[in-house]
Amino acid sequence: MFTLVAPDPSYHQSFLESHREWAGAHQDGAAVFMADDVTSPEGFAHWIGKLLDAENAPGKDGIVPCTFRWITEGSRYVGSIAFRHHLTPALLNSGGHIGYGIRPSDRGRGAASWALQELLAQLATKGKPGRVLLTCDDNNIASVKTIERCGGLLEDVRRDEDGHPFRRYWIDVGAVSARAGARTNTARTADAH
Ligand SMILES: CC(C)(COP(=O)(O)OP(=O)(O)OC[C@H]1O[C@@H](n2cnc3c(N)ncnc32)[C@H](O)[C@@H]1OP(=O)(O)O)[C@@H](O)C(=O)NCCC(=O)NCCS
């Protein structure tokens, strides 16, 4: 069973295994950069501190507050999902509200779909934002399917500065809440029989 947790030093060993699997590729939704020392326990704890502080970022110079949650399964680090609280013009064009990445050995198990659905359900309880923007490369089939499975409606396809097409999707957060309610009701009905 997957869970969303706040970044925590107890996942260090599992995170490092995942980090090796990514093999230097950009870890979407994880905010780990070349300059970050995630290997030593002290460096890992410091980096986690930065992730947690990002939630209360002052919101200037194009940086917006961002909540990071780790997708976990027991003591296993599976991936990361990031929710940016507001859109800047740059995020409205191409970054969107939400980014995510799943470690290679756990892909295709429903982790991203579950995490996105769970995050949307949590946002729905807060009542804002009413809708969220997600973007992905036009040829990222797994991400396209993840977004569409969670209710994403395609607004348009744009091109980045290198001319590569990317998709922009909106998800109505209230509709997610309604879908979750319908599922709960179905489950209750099933339980009753
Ligand atoms: C995109 C990504 C997050 C999907 O994570 P995941 O946990 O494997 O996705 P899920 O298992 O929830 O699958 C979601 C859908 O994608 C499909 N899918 C998963 N991997 C796929 C693949 N390699 N090729 C085609 N479809 C794939 C699944 O079948 C599922 O479709 P369905 O709803 O029709 O059944 C993951 O591949 C990843 O981390 N990629 C690298 C980083 C990245 O691209 N992040 C997103 C940036 S926008």
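**Close-up 1. Leu116 and its contacts across the chain.** Setting aside neighbours within four places in sequence, Leu116 touches Ile81, Ile98, Tyr100, Thr146 and Cys150. Keep in mind that this is a predicted model. Leu116 turns up again in the core view, where Leu116 is listed with Ile98 and Leu120 as the residues with the most contacts inside the largest nonpolar core.

**Close-up 2. The largest nonpolar core.** This core is made of 34 residues, and Ile98, Leu116 and Leu120 have the most contacts inside it. Who chips in two or more residues? On the helix side there are H2 (41-53), H4 and H6 (173-192). On the strand side there are S2 (66-73), S3 (76-84), S4, S5 (131-137) and S7 (165-172). Helix H4 hands over the largest share of the core, with 8 residues.

**Close-up 3. The shell around the ligand.** Here we zoom in on the 19 residues around the ligand, of which Arg107, Ala112, Ser113, Cys136 and Lys145 come nearest. Strand S4 (98-102), helix H4 (111-126) and helix H5 (141-149) each put in at least two residues. Which of the elements gives the most to this shell? That would be H5, with 6 residues. As for chemistry, the shell is a mixed bag: 7 nonpolar, 7 polar and 5 charged residues. Helix H4 does double duty, supplying shell residues as well as the largest share of the core.

**Close-up 4. Asp36, out in a loop.** Asp36 sits in the loop between helix H1 (12-22) and H2. Is Asp36 buried or exposed? Partly exposed, because Asp36 has 15 C-beta neighbours inside 10 Å, and the partly exposed class lies between the exposed limit of 12 or fewer and the buried limit of 20 or more. Asp36 and Ile147 are 111 residues apart along the chain, and their C-alpha atoms are separated by 29 Å.

**Close-up 5. Stepping back to the whole fold.** Finally, the bigger picture: the protein has 6 helices and 7 strands, running β-α-α-β-β-α-β-α-β-α-β-β-α along the sequence. The C-alpha trace spans about 50 × 45 × 35 Å along its principal axes. The radius of gyration is 17 Å, which agrees with a compact globule, because 193 residues packed that way would come out near 16 Å. Of those 193 residues, 28% count as buried. Among contacts with a separation of 6 or more, 60% are between residues 24 or more positions apart.

Conventions. Residues numbered from 1 in each chain as written. Predicted model: local features only at pLDDT ≥ 70, side-chain atom pairs only at ≥ 80, totals over all residues. Helix = DSSP H or I, 4+ residues; strand = E, 2+ residues; numbered from the N terminus. Rg over C-alpha atoms; globule rule 2.2 N^0.38 Å. Contact = placed C-beta atoms within 7 Å. Near = placed C-beta within 6 Å. Nonpolar A, V, L, I, M, F, W, Y, C, P; charged D, E, K, R; others polar. Core = buried A, V, L, I, M, F, W, Y, C linked by C-beta atoms within 7 Å.
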